[in-house]
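Okay, thanks for coming, everyone. I'll put the sequence and the model up, and then we'll walk through a few spots together.

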Amino acid sequence: MSSVGYVIHVPEELALSQAKYNGDAGRAFIAGLPARAEEFLGRWGLKLTGPSMYGMASLVLPVERIADGTRAALKMQILDDETEGEPVGLRAWDGAGSVRLLAHDAGTGTMLLEWLDAARPLSTVEDTREALRIVAELLGRLVALPAPAGLRTLGDIAAGMLADVPDAAARLGAADAAVLRDCAAAVRDVVGEPGDRLLHWDLHLDNVLAAEREPWLAIDPKPLAGDPGFDLLPVLTDRFDPDPDELLWRFDLLAEVVGDRRRAAAWTLGRVLQNGLWDVEDGEPGLDEEQVALARILLARRA
């Protein structure tokens with residue numbers, strides 16, 4: 001398929017993930033990947049420079065532009081509620097704290113992205129507090145922008161979550177059900193002001209990569225319009241440390257970046273609520289223990 005002789009390899013893990021979460025649509029996406037790759041290599045004047053890379057939802061090919069040798073990444077993923085907002089967010093950030101979007105096909109969601117070093121995620125930084133300070137600085141830059149029109153809104157998502165709480169709580173043990181209800185109560189306090197910032201929604205150490213243009217840049221956003229406090233949980237639980245003092249140090253670091261500490265706590269509890277509802281929907285017997293521990297610490301501070 002290219003002058004360097006690489007073929008498009010679709011990993012079995014990606015195929016299994018797509019079949020599990022997207023059913024027939026996921027299987028069709030996987031089956032069509034070789035043809036899609038060939039199409040966009042030709043359309044955008046690219047050649048492959050290495051083997052396929054992948055995550056749970058996408059296939060990424062290392063490429064370079066034939067015309068000028070610019071290195072880039074060709075990202076192919078199924079279009080859904082989460083992925084369709086990615087190019088919208090990337091255009092808005094325009095490389096300020098995030099990977100830069102070079103080209104996009106609206107019909108398939110295929111993107112050509114600035115080349116970053118996938119072998120050097122921020123999780124390779126051994127000093128946890130140093131890594132957290134780096135991601136906090138990026139978070140502050142990302143949520144500084146107002147959300148573009150057309151993105152999903154935290155207000156709508158929060159309303160849906162609150163409506164689901166009674167049924168979900170009834171399927172949990174007493175202790176987990178109480179945490180779920182307490183998180184819902186915190187969300188009710190702020191649901192009338194859901195915010196209008198551009199959120200990444202999946203910012204954690206493995207979604208920050210070393211770059212040439214800047215030391216570190218964020219990747220794989222799932223853009224959302226809402227309050228910046230809803231973006232904190234993935235960082236708070238990265239390399240989880242159950243020590244309450246450490247968790248509160250993390251929370252205060254991030255809350256200072258996004259502003260109002262009270263709202264940040266409420267929306268972080270909202271993120272625990274969202275994950276808990278997903279766990280119940282997936283048939284899990286209880287809530288995530290680490291997130292429950294964090295929720296109890298934040299609830300105690302609110303009290």
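Before the sheet, one bit of vocabulary: two strands count as paired if DSSP finds at least two bridges between them. And keep in mind that this is a predicted model.

So, with that in hand, look at strand S4, residues 71-77, and strand S6, residues 111-114: they run antiparallel and are joined by four bridges. If you want a landmark there, Leu 74 has Leu 112 in S6 as its bridge partner. S6 also pairs with strand S5, residues 101-104, again in the antiparallel sense, over three bridges. The landmark on that side is His 104, whose bridge partner in S6 is Met 111. S5 and S6 make a hairpin with six residues between the strands, and Gly 109 in that hairpin takes a positive phi near 80°. While we're on strands, a general reminder: in a regular strand the side chains alternate between the two faces of the sheet.

Next along is Asp 117, in strand S7, residues 117-121. Is Asp 117 buried, exposed or partly exposed? Its relative accessibility is 30%, so it counts as partly exposed; the cut-offs are under 20% for buried and over 50% for exposed. The Asp 117 side chain reaches the backbone nitrogen of Ala 119 at 3.0 Å. Leaving out residues up to four places away in sequence, Asp 117 touches Leu 209 and Ala 210.

That takes us over to Asn 207, in the loop between strand S8 (197-199) and strand S9 (208-210). This one counts as buried, because Asn 207 has a relative accessibility of 6%. What does the Asn 207 side chain find in there? A polar atom of that side chain lies 2.9 Å from the backbone oxygen of Asp 202. Again skipping residues up to four places away in sequence, Asn 207 touches His 200, Asp 202, Leu 217, Ala 218, Ile 219 and Asp 220.

Now the aromatics. How many aromatic pairs does a search of the whole structure find? Three. One of them is Phe 40 with Trp 44: the ring centres are 4.9 Å apart and the planes sit at 50°, so we call the pair tilted. Phe 40 and Trp 44 are both buried.

Then there's Phe 230 with Trp 267, and that pair is edge-to-face, 6.1 Å centre to centre with 90° between the planes. Why do I like this pair? Phe 230 is in the loop between strand S11 (224-226) and helix H6 (233-237), while Trp 267 is in helix H8, residues 261-281, so the pair ties together parts that are 37 residues apart in sequence. Phe 230 counts as buried, at 0% relative accessibility, and Trp 267 is buried too, with a relative accessible area of 0%. Add Trp 201 and you have one aromatic cluster with Phe 230 and Trp 267.

Last thing: arginines over rings. Arg 271 lies over the face of that Phe 230 ring, at 5.3 Å from the ring centre. Elsewhere in the chain, the charged end of Arg 129 sits over the ring of Trp 249, 3.9 Å from its centre.

That's my tour. Happy to rotate the model if anyone wants another look.

Conventions
Residues numbered from 1 in each chain as written. Predicted model: local features only at pLDDT ≥ 70, side-chain atom pairs only at ≥ 80, totals over all residues. Heavy atoms only, no water. Helix = DSSP H or I, 4+ residues; strand = E, 2+ residues; numbered from the N terminus. Buried < 20%, exposed > 50% of the residue type's maximum accessible area, 1.4 Å probe, protein only. Contact = heavy atoms within 4.5 Å. Polar contact = N/O pair within 3.5 Å; in protein donor to acceptor, adjacent residues only side chain to side chain. Phe/Tyr/Trp six-rings, centres within 6.5 Å; stacked < 30°, edge-to-face > 60°. Lys NZ or Arg CZ within 6 Å of the ring centre and 35° of its normal.
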